[in-house]
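Here are some short notes to read alongside the structure. They are set out as numbered points.

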Amino acid sequence: MLVVRPAGPADLDHLLELAILSGPGFTSLPEDPDQLSERLDVSRDSFQGALAPQERWYTLMLEESDTGDVDGVGSVKAAVGLKRPFFSLRLSNHTQSSPSVGVRLEHQTLALVNECTGWTEVGSLFLKADRRKGGAGRLLSQSRYMLIGAEPELFAETVLAELRGVFTPDGACPFWDHVAHKFFPMEFDDADRMTGSTDKQFILDLAPRHPIYVELLPEPARAVIAKVHPQGVPAMALLESEGFRPNGLVDIFDAGPTVTCQRDNIRTVRDARPLTVRIEAEVEAELPALISTAGVADFRAVRQKAVIDGDTALIGRDAAEALKVKAGDVVRVKS
């Protein structure tokens, strides 16, 4: 059975493997054991409530309960931009006209902004290639919203997600090569690493101080602005199904889009119901339901059959064991 559970220090090897498999441009999964180890310490302390709510960064692992194999990762960062800026490029539309010559022009510009301070971020969604079918991605993605819905007061009213921009099959990034690299004369991987490990002052020092007119950029760069990496298309579809929409911000290095949704309007947050557990040997239901524990500290989630009877959820013994709940406990269910 696939179970989504909290990540902790013991998951370093699993997380490093996933980081290596994720490839370039996945800023939240650096191939750096020290950074990943620190992140797992933060995850443990977040679930244990040892950090202030806005400092918490919850990392979730997708595990096959029978084998112990870890096949995916996702995360929820309670608040971004508080200790370090959260920089983006804003894609803006401008109209210019000259009635005297009968000309009207539409322009787009890119400008450095820091607009997302204090927002919650869902991210780091990555699965091994052989797990990208059969609903595993949806389970892992929705588990992040079940976590938010378990104790919504711990999270911001606005939730964002950044999607990786376009890279070519040989690993090149058109927006980086034609635009960002002109301002950051270093390797993409170095800039990516510094974004996650420094105070980002280098971005403020080197980023363009004036808007960039998109029309002046080479076609390969223009073509990928606000476009999603091919591997990120399923993730984008999952976000859209939850109510997320582009907000006009793109990543400063690869031009991948940012999407947002109000916390209480996220479909899974809105639709999941708290129900009391009743355990049955077998549960007859046409379709499986998304089931999670009702609190953050002991969070776990599965997709298994459940029958809703009033304020009660009938679940099977295997599901109860995977969730580590007993009869009379409260779970949250989205059918």
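**Notes on strand S6 and Glu 64**

1. Start with one residue pair: Val 76 stands opposite Val 122, which belongs to S6. The strands behind this pair are S3 (residues 70-77) and S6, which run antiparallel and share five bridges.

2. Keep in mind that this is a predicted model. The mean pLDDT of the protein chain is 94. A value of 70 or more is reached by 99% of the residues. By element, the lowest mean pLDDT, 86, belongs to helix H5 (residues 188-197). The highest, 98, belongs to strand S10 (residues 257-262).

3. Why is strand S6 described as largely enclosed by the rest of the structure? Strand S6 covers residues 120-127, and eight of its eight residues are buried, so the description follows.

4. S6 also pairs with strand S7 (residues 158-162). This pairing is parallel and has two bridges. Thr 120 has Val 159 in S7 as its bridge partner. Helix H3 (residues 136-150) joins S6 and S7 in a right-handed β-α-β unit.

5. Now turn to Glu 64, in strand S2 (residues 57-64). Is Glu 64 buried or exposed? Its relative accessibility is 13%; buried means under 20%, so Glu 64 counts as buried.

6. Which residues does Glu 64 contact, leaving aside neighbours within four places in sequence? They are Met 1, Leu 2, Asp 69 and Arg 131. With Arg 131, the side chain of Glu 64 makes a polar contact of 3.4 Å.

Conventions. Residues numbered from 1 in each chain as written. Predicted model: local features only at pLDDT ≥ 70, side-chain atom pairs only at ≥ 80, totals over all residues. Heavy atoms only, no water. Helix = DSSP H or I, 4+ residues; strand = E, 2+ residues; numbered from the N terminus. Buried < 20%, exposed > 50% of the residue type's maximum accessible area, 1.4 Å probe, protein only. Polar contact = N/O pair within 3.5 Å; in protein donor to acceptor, adjacent residues only side chain to side chain. Contact = heavy atoms within 4.5 Å. pLDDT = per-residue confidence, 0-100. Pairing = 2+ DSSP bridges. Right-handed = clockwise from strand over helix to strand, strands pointing away.
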